[in-house]
Amino acid sequence: MKRIVFMLTNLLLAPLSVASVSSEAALRSEFLHAESQIGSLKYAQAQKLLKKFDGYVLQPYLEQKRLQHFLTADEQIADFLKRYQGTPMDWPLRKAWLYDLAKRQQSERYLANFKPTSDAALHCYALRFALAKKDAVPSQIWPEVATLWVSGKSQPKECDPLFSAWRSAGQQTPERVWQRLALTAEEGDTSLIPYLKKLLPTDQQYLADLYLKTRRSPASIAGSTFFPLKKLQERDIAAYGMKRLIWRDPDKALKVWQRFSNDPYFSSAQRLDVQRQFAIALASKGDTRAGEWFNDLPAELIDSALAHWQVSHALAELDWPKVQAIILRFPADLAKDNSWQYWLARAYEEQGNSESAQPVFQRLALQRHFYGFMAAARLGLPPSLAHSPVNVSEQELTDLKLHPAVQRAQEWLALGRLLEARREWNHLQDSSTEQQKLVSAKLAYQLQWYERAIFSLADVGYWDDIELRFPLAYQDEIAKSSARAEIDSGWAMAIARRESSFMADANSPVGARGLMQLMPATARQVAKKPIQLTQLYEPGINIDYGTDYLNYLMKRNDGNLLMATAAYNAGFSRVKQWVPRDFALPADVWIETIPYRETREYVKAVMAYYQIYNIRLNSPIDVFKPLTTMQIGVIVE
């Protein structure tokens, strides 16, 4: 093994200059070799290798990697971080260096190079060093320490000396312990609760036991002797328990509420908080009792979430006068939202008041979104794309191409290193003006880096360039796979656009992978054979499996587009639970009453994207026209 490494090292150190490389491919190959080896070279050898890549756009990454293996080279690291401050090369090196400086107790250099970070250990080191300075003013440092300590999760051991000094200074009060206990219960790190219990005064320690018991079993608050009602903090636990219990056992939660409804120590804020959660939970479960809880809430408490569930509850009952009355009571800023304008017009329409409904539908029909397309379909009008291309010049594009971050991003793209390329692009975005972000969106589109074009426009809030926001990415592959799977390619493209914005290497927190965000188990089910996870990052394979799965969902849902779309997001069995029994709901009402916000917004987005892609693909299919008469439900005779 030593001989192989020696031979490779000599190969890398052999005479080579960028100018003498026969091709870009050869240069990139040499770079990848250098990248894999530079960390194992001695300092002088590494320096010599670096010189071989002078002028190559990714040479700073080699320098960064070399410095990460020589963390005592303080002056060189400081100089590098000064030259590349804020770039993707900054933080990995800075973080490693700061930890090394802390280990070496280089406090002045540490504080001079520390940057605000979410890394609690580094933050604690900074505060420890600041506290140790001769001119330190502890009273100015303690508030920052308190913020670190009052956390719902355990903090790293590097913080222990800092917290000890803070505690010795009398800063750890019962109020702060209680605040941290409440956060811990909310965030679910129950292992902290026994520790926090010991920090409470003796006569309050039973409260920690109550919190832990309530966290594990919200129904325990229903016990007649659960709360001794000796401390005000018990009301916090009661409110916490009831807000959890209402989702699991509404009847029991409502019964427990009666015990506290007249408790004078149950604050107004606590009552409103519980009432709000009860109203939303009951409405999401289709419980008819939700209405009375909404009625008891003051108008000033209404926000977008509460507004949705209040309207959704009335829609589920097809109580159109109530829908109208609710929306007309909304604050002006909330009532003008497109969704509430649409439902106000629908309420007018259902009550025979077309004179009031028509102008609202007409205003919405000029806009490009789910409600605009629904309004246009109800009026029998063609959908409006409201397309307005970004206004950028060729000179702006030329100038941007010369930016070092763009050049590094393009080179990483050429190497197939998408993560590094995105980091460079995001760094560029962070330091750009709004106009520069529009230019970067256009450039990304020209590079066929469609995801960055989409995200760059979203970053600046420019929604009207349809070509950039809804590119015909992987058009041939999607068309071919859709035809084979006997589904419409516009629908498949809309799914891919919503799922990943055409990121071939997308990977969700729950494990969905690739363009169409397939779960490995789903892919195996569709493929009917074992598959390698890496295959799901290959666009062609991912699209094949994704379109096959869409075909499967269409068949399972009797050809219903809305239900198949919802099932792609939430699963077939869950969607079947949302289908009314013994009655039917209009399609738009059914969508609005989907209990899961993620799926509800997903269906709206996919339908809108499907309409847009059909227009871009010159398809004659009008996605929204059938929705105006579609009913969702099961009529059992």
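**Exercise 1. Helix 28**

How many of the 11 residues of helix 28 (residues 450–460) are buried? Work out, too, what these residues pack against.

*Solution.* Residues are numbered from 1 along each chain as its sequence is written. The model is predicted, so that local features need pLDDT of at least 70, side-chain atom pairs count only at pLDDT 80 or more, and totals for chains, interfaces and linings use all residues, while side-chain values use heavy atoms, with hydrogens and water left out.

Step 1: fix the terms. Helices (H or I, at least four residues) and strands (E, at least two) are DSSP runs numbered from the N terminus; buried means under 20% relative accessible area, exposed over 50%, and partly exposed in between, with a 1.4 Å probe and protein chains only.

Step 2: count. In helix 28, 8 of the 11 residues are buried, and the helix is mostly covered. The buried set consists of Tyr 450, Glu 451, Arg 452, Ala 453, Ile 454, Ser 456, Leu 457 and Val 460.

Step 3: find the partners. These buried residues pack against helix 26 (418–430), helix 27 (434–446), helix 29 (466–469) and helix 31 (489–500).

Step 4: look past the end of the helix. Just after helix 28 comes Gly 461, which takes a positive phi of about 75 degrees.

**Exercise 2. Positive phi outside glycine**

Compare the settings of Ala 386 and Ser 501, and decide for each whether the residue is buried, partly exposed or exposed.

*Solution.* Step 1: take the backbone angles. Ala 386 has a phi near 45 degrees, a positive value in a residue other than glycine, and Ser 501 has a positive phi near 55 degrees.

Step 2: place both residues. Ala 386 belongs to the loop between helix 23 (370–379) and helix 24 (394–401), and Ser 501 to the loop between helix 31 and helix 32 (520–527).

Step 3: apply the cut-offs. Ala 386 is partly exposed because its relative accessible area is 36%, whereas Ser 501, at 7% relative accessibility, counts as buried.

**Exercise 3. Two glutamines in loops**

Describe the polar partners and surroundings of Gln 155 and Gln 172.

*Solution.* Step 1: start with Gln 155, in the loop between helix 9 (138–149) and helix 10. Gln 155 has a relative accessible area of 17%, so this residue is buried. Its side chain reaches the backbone oxygen of Leu 148 at 2.8 Å. Contact means heavy atoms within 4.5 Å, and, leaving aside neighbours within four places in sequence, Gln 155 is in contact with Ala 120, Leu 148, Phe 163 and Arg 180.

Step 2: turn to Gln 172, in the loop between helix 10 (160–168) and helix 11 (174–187). At 18% relative accessibility, Gln 172 counts as buried. A polar contact (a pair of N or O atoms within 3.5 Å, where within protein one must be able to donate a hydrogen and the other to accept it, and residues adjacent in sequence count only if both atoms are side-chain atoms) of 2.6 Å joins the side chains of Gln 172 and Arg 167. With neighbours within four places in sequence left aside, the contacts of Gln 172 include Trp 149, Trp 166 and Leu 199.

**Exercise 4. Nonpolar core and aromatic residues**

Identify the members of the largest nonpolar core that touch the most other members, and then examine Phe 624 and Trp 97.

*Solution.* Step 1: define the core. A nonpolar core is a set of buried Ala, Val, Leu, Ile, Met, Phe, Trp, Tyr and Cys residues joined through side-chain atoms within 4.5 Å.

Step 2: name the members. Of the 204 residues in the largest core, Tyr 110, Met 242, Phe 330, Trp 343, Trp 491, Trp 590 and Met 607 touch the most other members. Helix 37 (residues 597–616) supplies the largest share of this core, 10 residues.

Step 3: examine Phe 624, in the loop between helix 37 and strand 2 (631–633). At 0% relative accessibility, Phe 624 counts as buried. Among its contacts beyond four places in sequence are Phe 370, Phe 373, Met 374 and Met 607. Phe 624 and Tyr 610 are 14 residues apart in sequence and, C-alpha to C-alpha, 9.5 Å apart in space.

Step 4: examine Trp 97, which is found in helix 6 (residues 90–103). Trp 97 is also buried, at 0% relative accessibility. Beyond four places in sequence, its contacts include Leu 71, Asp 74, Arg 104 and Asn 113.
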